[in-house]
Amino acid sequence: MRAEVAAVTAENPDHAALARAGRILKNGGLVAFPTETVYGLGGNALDPEASGKIYAAKGRPSDNPLIVHIADLSDLEVIASDIPEDAYRLAEKFWPGPLTMIFHKKDIVPLATTGGLDSVAVRFPSDRTAQLLIRYGGGFIAAPSANTSGRPSPTTAGHVIADLGNSIDMIIDGGPVGIGLESTIVDFTESPPAVLRPGYISLGMLKELIPEIRMDPGLSADREDFHPKAPGMKYRHYAPKASLTIVEGPDDEVVPAIRELAHKEIQKGRKTGIIASEENAGLYPEGIVKVIGSRSDEEEIAHNLYRILRSFDDDGAEVIWSESFDSPGIGQATMNRLLKAAGHRVIYTGGGST
Ligand code: TXA
Ligand code: MG
């Protein structure tokens, strides 16, 4: 099967194409679509067979639950129960938008969609095309990121075509996404609620409304006791094919360290990549140097991460060294994904490594 690709712009949506996509979804088929975070692989969330097809197309472990996307706040109560007042406050402020919330599920949501859990993750995306597709598709669309399991999430339709072009029914091409990293996930099945995955909506933004909210302790732990609550966070995923290592420390130590590490690999004849800030990129004389963005623009860095990881695959890179891009806002999410892509391999220029 070769997927039909339909270009749809948010300003001037092609309703005929979206209605066709909606029919595919209602009939149990799969449609990839843009959201403000990353492209999603959609199927009818209330149809266990459609969910089964999503797992098969991605090659995703069946214990890793899917997010159900809605396009109308009143639909939340159709699929979720025990919704606390704090969740409505987050919804009022951040929905539609890049926030996913987890609640106890209602029986209408099949266990095939939730990876066997009795909870359901719900997201109301702000992307206009996504909203239209969800409505045309019946209102409840299960959608993981539209990549093959283990690859970086897709930020363009081209990435989706490369991974899933032969295994799904249709791809809605809405151009490059805005944010480029997956939504923030907040778990309301525990009290106080916990952030299971950092994203564009930062812990600081959430604390303004819920001061007692916290990070899932399993997320910040180092490699030995890394037991995150969201099943998907435990896989080494978002990963390029090359072996990636992050080098951390002050710039005047990191740059020479990466230069030397890369030089050794290049001498061994290995294709070597470097992920550099705009400020430092000119300081690396060898290797395939990719500029992720300026240190003064953390959103740009987040936006470029997955595209760069994928492009190193296209270059056939075997080893990649990356600078570190920590910052208080979305930099937390960028580092969470970069650490996962690196399998938590970090070299500290002060000496130690993990
Ligand atoms: O931005 C996003 O959230 C994108 C777009 C397409 O909306 N979707 C996305 O889905 O990133 P996915 O499947 O790639 O990631 C969903 C994450 C996984 O880590 C999964 O384990 C976790 O959410 N998750 C889903 N339902 C859960 C539940 N009931 N309890 C705990 N974790 C859950
Ligand atoms: Mg994913």
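**A predicted model and its ligand: group meeting presentation**

Good morning. Proline 96 lies in the loop that runs between helix H4 (85-94) and strand S6 (99-105). I open with this proline for the sake of the bond before it: the peptide bond from tryptophan 95 to proline 96 is cis, and its omega is near -10°. Please bear in mind throughout that this is a predicted model.

A second bond belongs beside that one. Serine 191 and proline 192 are joined by a cis peptide bond, with omega about 0°. Proline 192 is located in the loop between strand S10 (184-187) and S11. One further backbone feature concerns aspartate 82, in the loop between strand S5 (80-81) and H4. Aspartate 82 has a phi near 50°, which is a positive value in a residue other than glycine. As background, most peptide bonds are trans, and most residues other than glycine have a negative phi.

Let me turn to the chain as a whole. How many helices and strands does the protein chain contain? There are 11 helices and 17 strands. The protein chain is as compact as a globular protein of its length, because its radius of gyration is 20 Å, close to the 20 Å that the globule rule gives for 354 residues. Measuring along the principal axes, the C-alpha trace spans about 55 × 45 × 35 Å.

I come now to the ligand. Where does ligand 1 lie? The space that ligand 1 takes is the largest pocket. Strand S4 (67-69), strand S7 (119-123) and strand S11 (194-197) are the elements that give two or more residues to the shell around ligand 1. Of these, S7 provides the largest share, with 3 residues. S11 is also the strand at one end of the loop that holds proline 192.

Which residues come nearest to ligand 1? Of the 26 residues around the ligand, they are Thr37, Asn64, His69, Ser183 and Gly232. By character, the shell divides into 14 nonpolar, 8 polar and 4 charged residues.

Three side chains deserve individual mention. A polar side-chain atom of threonine 37 is 2.7 Å from an oxygen atom of ligand 1. For serine 145, an N or O atom of the side chain lies 3.0 Å from an oxygen atom of the ligand. For serine 183, the corresponding distance between a side-chain N or O atom and a ligand oxygen atom is 2.5 Å. Taken alone, ligand 1 exposes 680 Å², and the protein buries 97% of that.

Thank you for your attention.

Key:
Residues numbered from 1 in each chain as written. Chains lettered and ligands numbered in written order. Predicted model: local features only at pLDDT ≥ 70, side-chain atom pairs only at ≥ 80, totals over all residues. Heavy atoms only, no water. Near = heavy atom within 4 Å. Polar contact = N/O pair within 3.5 Å; in protein donor to acceptor, adjacent residues only side chain to side chain. Areas by Shrake-Rupley, 256 points an atom, 1.4 Å probe, with all protein chains shown as cover. 1 Å grid on protein atoms, 1.4 Å probe; cavity = no way out; pocket = protein on both sides within 12 Å on 5 of 7 lines; lining within 4 Å. Sits in = over half its atoms within 2 Å of the grid points. Helix = DSSP H or I, 4+ residues; strand = E, 2+ residues; numbered from the N terminus. Nonpolar A, V, L, I, M, F, W, Y, C, P; charged D, E, K, R; others polar. Rg over C-alpha atoms; globule rule 2.2 N^0.38 Å.
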